[in-house]
Amino acid sequence: MHDIRFIRENPEAFDAGLKKRNLAPLAAELLEIDKRRRAAISESEGLQARRKALSQQIGIAKRKGEPAEALMAEVAALEESLKKGETEAARLDEELTHRLEVLPNLPLDEVPEGTDEHGNVEVRRHGNQRSFSFAPKDHVALGEATGEMDFAQAAKISGSRFVFLKAHLARLERALAQFMLDLHTVEGGYTEVAPPLLVRDNAAYGVGQLPKFAEDMFHADNGYWLVPTAEVPLTNLVNDMVLDEKDLPLRFTAFTPCFRSEAGAAGKDTRGLIRLHQFPKVELVSITTPEQSQAEHERMTGCAEEVLRRLGLAFRTIVLCGGDMGPASRKTYDIEVWLPGQSAYREISSCSNCGDYQSRRMGGRYRPKEGKGTRFLHTLNGSALAVGRTLVAVLENYQNEDGSVTIPEALRPYMGGLATIPAPVARK
């Protein structure tokens, strides 16, 4: 959500931010609505003041026994004008709010220009791509060969973009989540949360999912939304809250299933675990001050990268251009892991600094240590990591020629000491 006062004071900067989002300038148009809105409010306030003065005169006239009909007639006429003025002010306020609430956040100055993923810029790379002495398989071939990854049966009961994971693969998925949670809570200083998976409109609105991105979510018949990511409930922990600066930053993590309709992904990644309607993810959310949000963004991205380092997976980190960022973000780092089965780097985490965009929508504030009043919080979120995609990366990078998969050492304590997922048994 944007502050109309900022647009009044910085119309050129506002339009420059929209340009980096590949949007047309809107400051003049929005300020014209705001001008009419303020004029309607001012006129209504003037009429209210005149009505109050007339009411006092009527009271005085009645106490003196003087006629007050003319004054009363003027009040009656004012009532009609006041009603119209208040209606117009409310209409313009609603129009302005609607225009502002669907606009994306303004990118930071250092965010690169660009219209799509081709404008993204790599900032660092870690690890070496594994060299195989055989042709590596993708995760679908590896999983289906063992019978522990079943898309066909899932499709019978749920449709496409669902899967059954069984036995070793089900345990590996759980092991990855537990490993990530332990790393983030013990070493990263995040507080683990088990959040609701169904939320109301106000929660989805608060993080910017509503009203513009309703089609990307699943909606229950009784009015709830299934969370597309734990970012939604975790960030809403400060919905309509006023915190003390001394208690910041707040850092939360959660392991949850996530639900996405993938409305805009028709034909994309239809095979395998990369893009499902239901998928598990470990999420990170930070709540902090404006002065600390950029440093917190770097810290959060580092926490997500550390998961891949511990797992021995090659990855690269890129900063997204203005045209490829999510709408709530003012700066986003994507972390992409190397997948031998696709011979490509694929996104496994997205860490975003949303500034005060979300807190303005949900009314999240804090009291500064010095000075009076309150300020809007800054919110950040990141995947750390998408568990299903991490499972894909482990299977493809640690596969052996016979179809077995070596378990990374960091995960073995969570797998009961198992060092290898056995090769599929040859069928007779």
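## Sheet, pocket and cavity

Helix 2 contributes four residues to the lining of the second largest pocket, the most of any element. Helices (H or I, at least four residues) and strands (E, at least two) are DSSP runs numbered from the N terminus. The model is predicted, so to speak of local features takes pLDDT of at least 70 and side-chain atom pairs need pLDDT 80 or more, while totals for chains, interfaces and linings use all residues. Residues are numbered from 1 along each chain as its sequence is written, and side-chain values use heavy atoms, with hydrogens and water left out.

**The pocket.** The volume of the second largest pocket is about 560 Å³. Its lining comprises 23 residues, and those closest to its centre are Phe-6, Asn-105, Leu-106, Arg-330 and Asp-356. Helix 1 (4–9), helix 2 (11–20) and helix 11 (357–362) each supply at least two lining residues. On a 1 Å grid over the protein atoms alone, a pocket is an open set of points with protein on both sides within 12 Å along at least five of seven lines; a cavity is a set where a 1.4 Å probe fits but cannot get out; lining residues have an atom within 4 Å of a point. Points join across faces, edges and corners, and a volume is the space filled by probe spheres set on them.

**The cavity.** One cavity of 30 Å³ or more is counted. The largest cavity holds about 60 Å³ of space. Which residues line the largest cavity? Leu-142, Gly-143, Thr-146, Glu-148, Leu-169, Leu-395, Gly-403, Val-405, Ile-421 and Pro-422 do. Helix 5 (residues 139–146) gives the most to this lining, with three residues.

**The chain.** Twelve helices and 17 strands make up the count for the protein chain. Its radius of gyration is 28 Å, well over the 22 Å that the globule rule gives for 428 residues, so the chain is more spread out than a compact globule. The radius is taken over C-alpha atoms, and the rule is 2.2 Å times the number of residues to the power 0.38. Along its principal axes, the C-alpha trace spans about 110 × 45 × 40 Å.

**The sheet.** Eight strands form an open sheet in the order 1-10-11-12-15-9-8-4, and the pairing is mixed. At its edges are strand 1 (121–126) and strand 4 (191–192), each paired on one side only. Two strands pair if DSSP finds at least two bridges between them. Strand 4 runs parallel to its partner, strand 8 (residues 250–259), over two bridges. Here Glu-192 stands opposite Thr-253 of strand 8. Is the pairing of strand 8 and strand 9 parallel or antiparallel? The two strands pair in the antiparallel sense, over ten bridges. Phe-259 faces Gln-278, a residue of strand 9, across this pair.

**Backbone geometry.** The table gathers two cis peptide bonds and two positive phi values.

| Site | Feature and value | Place |
|---|---|---|
| Leu-248 to Pro-249 | cis, omega near 0° | Pro-249: loop between strand 7 (242–244) and strand 8 |
| Ala-384 to Leu-385 | cis, omega about 15° | Leu-385: strand 15 |
| Ala-167 | positive phi, near 50° | helix 7 (residues 167–187) |
| Asp-240 | positive phi, about 55° | loop between helix 9 (231–235) and strand 7 |

Neither Ala-167 nor Asp-240 is a glycine. Most residues other than glycine have a negative phi, and most peptide bonds are trans.
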